[in-house]
Amino acid sequence: MLLVLYHLDSTLDRFSVGVLYDQYSMTIAMHLKVDARSPIPMRRQLTEQLKHVIESGGVPPDQTLPSIRELAGFLGINTNTVARVIEDLKRSGYVEARRGKGVFAAAMPPARPSPHLRERFLRDTVIRAAALGMTADDLAVGVLSVAGVHPAAVQGAVEVLLVECSPAELDFFAGQLEAHLPIRVDKVLLGALGALTRRQKAPGRWRAAATSFSHLPEVERLLGGRGVPVIALLAEAHLETLHRLAQLPPGTRVGVVSTAADTAHNLEHSIANAALPNIVLAGAAPGEGPALSRLLRRVDVVICSTAASEAVRRLADPSVQVMTDDRALDPRAIEMLSALLVRPTGDGDSVSPSPDPRRPRPRPAARRARDARGVAVR
């Protein structure tokens, strides 16, 4: 009888904890609102709102956040969007993931102007806009245009040179940069940059140039003497992908596939840098050809880009699990490029990132891009 009562009490305790957690999750969700009709991307809406909730104490330090599925369910949005928001917050230092326990508010979130100061600034801005006859909608649209949510609407946008080794990489990085900044990206393949610079002897129209780590020395050499600072970009696997990989059984063999071989190798090394002890990376391959077939015969799980997923599913054995991941650009590259663009043209200054002791140092020579974890500017 005592055992039965103890079991019942334990069950009730677990039920009570579950109810309290659900109420806590709902309390946080009540402070969040995502508008699908807004010109602001839902990812950006949710990221800024969660930052505000954490900064204002709505989620105390070291307190767990609702799960990705709970937040997505409360807000009625895709789980991938929420996962990318959590990744953004992790990269910017607002949350931290603890294996097997969930995502927690950081003990020391980044220092920003207090919520009260920001609200006062926004209120004063709205009042000044009203004095000019502008409505709140007029102000919002104007800010969004200048901020780059709709960069095509910005006239006379600053031009940035982007150099990569394949059209797929050019399209990926250009889309990421133009989605965050009011710039116009001039896409050039690495093999064509030499001829372009020989034809164009003047410093040119580019305020800055960007490329991935493996091409940084070559791009700097070809642009040498032109006063164009070069930023190295880094794209990494999404946090949700790493979480899913961390839950796989020990010894799971994982392969990586993308439309271009360089993209696949970069994604592979991003996953390798996460140092997940339960998986074995079996290699990377482009989205077609004999290398893909060989890779699919020796893996249990494949991480692939959306563009390559159809071919992978067609060729892979039904027992092979397929996960899609289109990578995410390290946000510090956006911050550094922004800092360059607001400076006077031709000031010659260079920007160096603050060292991050948690990130391993890049190895020399050709494998540099695949092993680096930070963003460098030279």
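1. Helix α7 is a good place to start in this predicted model. Its buried residues are E169, L170, F172, F173, A174 and L177. The length of α7 also checks out: at 1.5 Å a residue, its 14 residues should span 20 Å, and the C-alpha atoms at its two ends do lie 20 Å apart, so expectation and model agree.

2. From α7 it is a short step to the largest nonpolar core, which has 22 residues. Those touching the most other members are L162, F173, L177, I183, L233 and L337. Two of these, F173 and L177, are also on the list of buried residues of α7.

3. Which elements give two or more residues to this core? They are the helices α7 (167-180) and α14 (331-341), together with the strands β3 (158-164), β4 (183-189), β5 (208-212) and β6 (230-233). The largest share, six residues, is supplied by α14.

4. L337 deserves a closer look on your screen. Once its neighbours within four places in sequence are set aside, L337 contacts L177, L181, I183, A208 and I231. Do also look for another core lying apart from the largest one; this other core has 21 residues, including V34, L65, Y94 and A105.

5. Next, a polar detail. S270 sits in helix α11, which covers residues 261-273. Is S270 buried or exposed? With a relative accessible area of 6%, S270 falls under the 20% cut-off and therefore counts as buried. A polar atom of the S270 side chain lies 2.9 Å from the backbone nitrogen of A237.

6. P41 makes a nice contrast in setting. P41 belongs to the loop between α1 (2-30) and α2 (42-55). Its relative accessibility is 39%, so P41 is classed as partly exposed. If you follow the chain from P41 to A179, you cover 138 residues, yet the C-alpha atoms of the two are separated by 9.7 Å.

7. Finally, the overall picture. The protein has 15 helices and 12 strands. Of its 378 residues, 41% count as buried. Among contacts with a separation of 6 or more, 66% are between residues 24 or more positions apart. The protein exposes about 20600 Å², and 58% of that comes from carbon and sulfur atoms.

Key. Residues numbered from 1 in each chain as written. Predicted model: local features only at pLDDT ≥ 70, side-chain atom pairs only at ≥ 80, totals over all residues. Heavy atoms only, no water. Helix = DSSP H or I, 4+ residues; strand = E, 2+ residues; numbered from the N terminus. Buried < 20%, exposed > 50% of the residue type's maximum accessible area, 1.4 Å probe, protein only. Polar contact = N/O pair within 3.5 Å; in protein donor to acceptor, adjacent residues only side chain to side chain. Core = buried A, V, L, I, M, F, W, Y, C linked by side-chain atoms within 4.5 Å. Contact = heavy atoms within 4.5 Å. Expected span 1.5 Å × (residues − 1). Areas by Shrake-Rupley, 256 points an atom, 1.4 Å probe, with all protein chains shown as cover.
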